[in-house]
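Please walk me through this structure, one chain at a time. I am new to it and would like short steps.

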Amino acid sequence: MQQLFYLIRKFRYFLLFLVLEIIALILVVQNHSYQQSKFINSANFISGGIYSKVSSITDFINLKSENQRLSEENNQLKNWIEKNKLVAKNKIISQIDTSIYAQKYKYISAKIINNNYTKRNNFLTLNKGAKQNLKIDLGVVNSKGVIGVIKSVSKNYATVLSILNSHSKINVTIKNDNHFGTLFWNGKDYNIAQISDIPRQAIIKKGDTIVTGGKSAIFPKGIHVGVIKDFKFENNQFKEINVTLFNDMSALSYVQVIMNYQKKEQKTLEQNTLNE
Amino acid sequence: MNNLIFKNIIRFILLVLFQVLVFNHINLFGYINPFIYIGWVLLFPIRKSKNALLLTSFFLGILIDTFSDTGGIHTAAIVLIAYYRLPILELVTGKTDFDYVLFNVRNLPLNKLLLFISVLAFLDSFIVFLLDYFSFSDIFPILSNTISTSILTIIISFFGILLFTKKHK
């Protein structure tokens, strides 16, 4: 016993190093697994508080581009309303069906107070949290396109797994083609993401628009992602499909979080089908 | 003594804040951000008891990781360079025993100071990018990122130390 104490005393510096290093590595591994919620994240009140203070000072930098984006979005929405007015006029509604009129998605506005896009695994911090009903696995978008998925939530803040992250996998489809693929990022250029798993019978061209597929319960179908920049067709398979993102991921400010009211229903149904 | 502790607390806070608020968003050439927090390990007073350096480095790493959402990669890197600081210093200076009370990195000859900073900065960046990419198949981006980031870190830390520390007479 005394020998043991002597050994511990002799090597206590090394043991301390080993313990601290192992704690750090456990945190790293935990950070790399998608399922587990992270233990250390910027959604706590200290870092969230500091980031929101700083972002309230540096807000004005993005103001001009943000105003332009808002105005474009307004324009788009107004045009869409006008288009639908005509359709509604020509249609005679004879019965009211609650399943048609019930709302499926709800958008919550939030602001990005810390943006990262240069690392291999990027996370963003939002200025809203559990108090505003944000939860894990909600989609985050702005008018230009997809931004990420919420990874952890605290009372007042939330962190978002950016699409510029090696663990981000988002179901996408080619507009007007309906073949599904998976959006990921190879870590090289923050303006360009990649698509895999597109079946070989799909017809794709340079400049095709990529939108979300809506297969998962996170994003509705048809949210813009980007356009195809280039691709290779080798051994009867599509390879290295590069997509130029619509969003400038280096200058993000106001975003919308998408809540899906029917997520639970879809998940339970899918789970039940799997269990049978 | 109290003055020394006070100075180190201030340095700790300033290093964390500057790292997460300024140097994490430099994005030189689009993607290079220096890790100036290694200044903590470079400048920590050399004492016979080395546990304090390990523990404070660990907490500094945890803070940096919290702010930048990087899990534990900066913690793992800074704890490692804190552990190997003394052996590296002995290797660089060629001495094995130091006058612990009077020793100050600023009193090293400039070429040895630069070498000392370079070894620690390179080691730190390498661990960070290795754990960030988390696979050996990405060895090329890991190495290129390590080299570009450590060069910027070395330049900033070297001139930072020259500007903000005083020589002991």
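**Two chains, step by step**

Chain B has seven helices and zero strands. Keep in mind that this is a predicted model. Read from the N terminus, the elements of chain B follow the order α-α-α-α-α-α-α. How does the radius of gyration of chain B compare with the globule rule? The radius is 16 Å, and the rule gives 15 Å for 169 residues. The two values are close, so chain B is as compact as a globular protein of that length. The C-alpha trace of chain B spans about 45 × 30 × 30 Å along its principal axes.

Now look inside chain B. Of its 169 residues, 38% are buried. Next, take the contacts in chain B with a separation of 6 or more. Residues 24 or more positions apart account for 69% of them.

Turn to chain A. Here six strands form a closed barrel. The order is 1-2-5-4-3-12, and the pairing is antiparallel. On average, neighbouring strands of this sheet are turned by 45° against each other, direction ignored.

A helix also packs on this sheet: helix 3 of chain A, residues 45–58. Which strands does helix 3 touch? Its partners are strand 1 (105–114) and strand 2 (123–126) of chain A. The direction of helix 3 makes about 85° with that of strand 1.

Finally, follow one pair of strands in chain A. Strand 4 covers residues 145–153, and strand 5 covers residues 158–162. The two run antiparallel, and five bridges join them. One residue to find is A:Ser152, whose bridge partner in strand 5 is A:Thr159.

Conventions:
Residues are numbered from 1 along each chain as its sequence is written. Chains are lettered from A and ligands numbered from 1 in the order in which they are written. This is a predicted model: local features need pLDDT of at least 70, side-chain atom pairs count only at pLDDT 80 or more; totals for chains, interfaces and linings use all residues. Two strands pair if DSSP finds at least two bridges between them. Helices (H or I, at least four residues) and strands (E, at least two) are DSSP runs, numbered from the N terminus. Axes are lines fitted to C-alpha atoms, for helices over the stretch in contact, and angles run from 0 to 180 degrees between N-to-C directions. Two residues are in contact if their C-beta atoms, placed from the backbone, lie within 7 Å. The radius of gyration is taken over C-alpha atoms; the globule rule is 2.2 Å times the number of residues to the power 0.38. A residue is buried if 20 or more other C-beta atoms lie within 10 Å of its own, exposed if 12 or fewer, and partly exposed in between; C-beta atoms are placed from the backbone.
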